[in-house]
Amino acid sequence: MIQSSRLLLIALLLGSSVSAACAENWPEFRGPRGDGSSLSENLPLTWSDKENIRWKTPLPGKAWSSPVVWDNQIWLTNAPPDGKQLFAVCIDRESGKIEKNIKVFEIAEPQYCIEKNSYASCTPAIEAGRIYVHYGVHGTAAIDTASGETIWARQDLPCNHHRGPASSVVLYKNLVILTFDGFDLQYVVALDKANGKTVWKTDRNTKYSSDNGDIMKAYSTPQIIEVAGKAQLVSPSSAAAISYDPESGKELWRVMVGGMNAACRPIYGQGMVFMTAPDGGCGLYALKPDGTGDVTGNIAWKQPKGYPKRASLTLIGDWIFMGNDQGIICCVEAATGEVLWQERVGGVFTASPISAPGRVYFFAEDGTTVVIAADKEFKQLAKNKVDDGFMASPAVAGNAIILRTLGHVYCVEQ
């Protein structure tokens, strides 16, 4: 009887552990912590088009936004290559069936978008009952996730993206926070979740090295961090990264790092923010975010080699892991910026990596996924391949990885 009770207790504890992992939603770009990390210890290590694929759903269009997950729903934005129709798509998490395919906006004359980008590259954000979809200047909307009805919509926020939008939605308390770093205008704006009305709008007011709008563009998604008990919205842009009070939009500090086309989402740990300033900037750098005004002097270290231009970073313990445009995976010591190792594994890493306990997954444009040990010495655990390539960063749903390729959505699960 005692043995039976012990077995029952163990079963309940194990069940609770699995339920906790499965219950974690993936509500925004790079997940619940904004850094690509999953708590699941049971993500699949190996897969192919014939192995460990629970379902595979065709999704025609050209869109690089990441999936977001809430309970049994997976949502994505979508668009045709010409950008004249903008969609929100809901997929059943269990079956892979498309439950909703909602046309959110019709755009008569979309702005120019380069081949490398898409008209639906901005990842939405989701919470209980609502998803907030964003397509840059072409529109932003709140949608009821049960009915599919539009609650509110805005198409009056100006910006010439010039190459297409990519900054994703950030939610904070009652706010929907959006980033517009365009050829002509650069600002951050917060909308009321309830009705879409503007709560605050803050211009970047950055002094650029030229009046050429091409050097003013950026594509990064801000990160909410907490420093000394106060929230900060850390928002990289071209030439600078700026921190704002997320409730008021007031600027707290800025760091001048040069460069343009900032795309990586910041990560925070060990008392420092880690960001990149590509295309003429200082590269990968670490900053202590505890000052005010110009805090360029608070840069702890810079690493000008090996950093990515598009794929975001992953911080695990004392180490930063990253994959770049040259197919090189690199491990850097977070405290010093010292490169511990770098390995050329092939491919181009545009999608951002995800991590799980002891592992980091990197997704290449040719459909290859390289899985490595989260260690200060390089160890490749697996190399997987699917037919389509990756431009969108993946999501995690319980013990499954949700992959968006060029033409399909996969649920990869053991």
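Here are three short exercises on salt bridges in this predicted model.

**Exercise 1.** Find the salt-bridge partner of Lys56, and say whether each of the two residues is buried, partly exposed or exposed.

*Solution.*
- Start from the Lys56 side chain and look for a carboxylate: the partner is Asp49, with the closest N and O atoms 3.4 Å apart.
- That passes, because the cut-off is within 4 Å.
- Now the accessibilities: Lys56 comes out at 35%, and Asp49 at 25%.
- Partly exposed runs between under 20% (buried) and over 50% (exposed), so that label fits Lys56 and Asp49 too.

**Exercise 2.** Work out which elements the Arg54 and Glu94 pair ties together, and which other residue joins their network.

*Solution.*
- Check the contact: the N to O distance is 2.5 Å, so it counts as a salt bridge.
- Place the ends: Arg54 sits in strand β1 (residues 53-58), while Glu94 is in the loop between β4 (85-92) and β5 (98-106), so the pair links parts 40 residues apart in sequence.
- Both ends are partly exposed, Arg54 at 42% and Glu94 at 40%.
- Follow the charges onward and you reach Glu413, which is linked with Arg54 and Glu94 in a network of salt bridges.

**Exercise 3.** Locate the two loops bridged by Asp279 and Lys309.

*Solution.*
- The closest N and O atoms of this salt bridge are 3.1 Å apart.
- Asp279 belongs to the loop between β19 (272-277) and β20 (283-287), and Lys309 to the loop between β22 (299-303) and β23 (314-316), so parts 30 residues apart in sequence are tied together.
- Asp279 is partly exposed at 30%, as is Lys309 at 39%.

Want more practice? The whole structure has 18 salt bridges.

Definitions and conventions: Residues numbered from 1 in each chain as written. Predicted model: local features only at pLDDT ≥ 70, side-chain atom pairs only at ≥ 80, totals over all residues. Heavy atoms only, no water. Buried < 20%, exposed > 50% of the residue type's maximum accessible area, 1.4 Å probe, protein only. Helix = DSSP H or I, 4+ residues; strand = E, 2+ residues; numbered from the N terminus.
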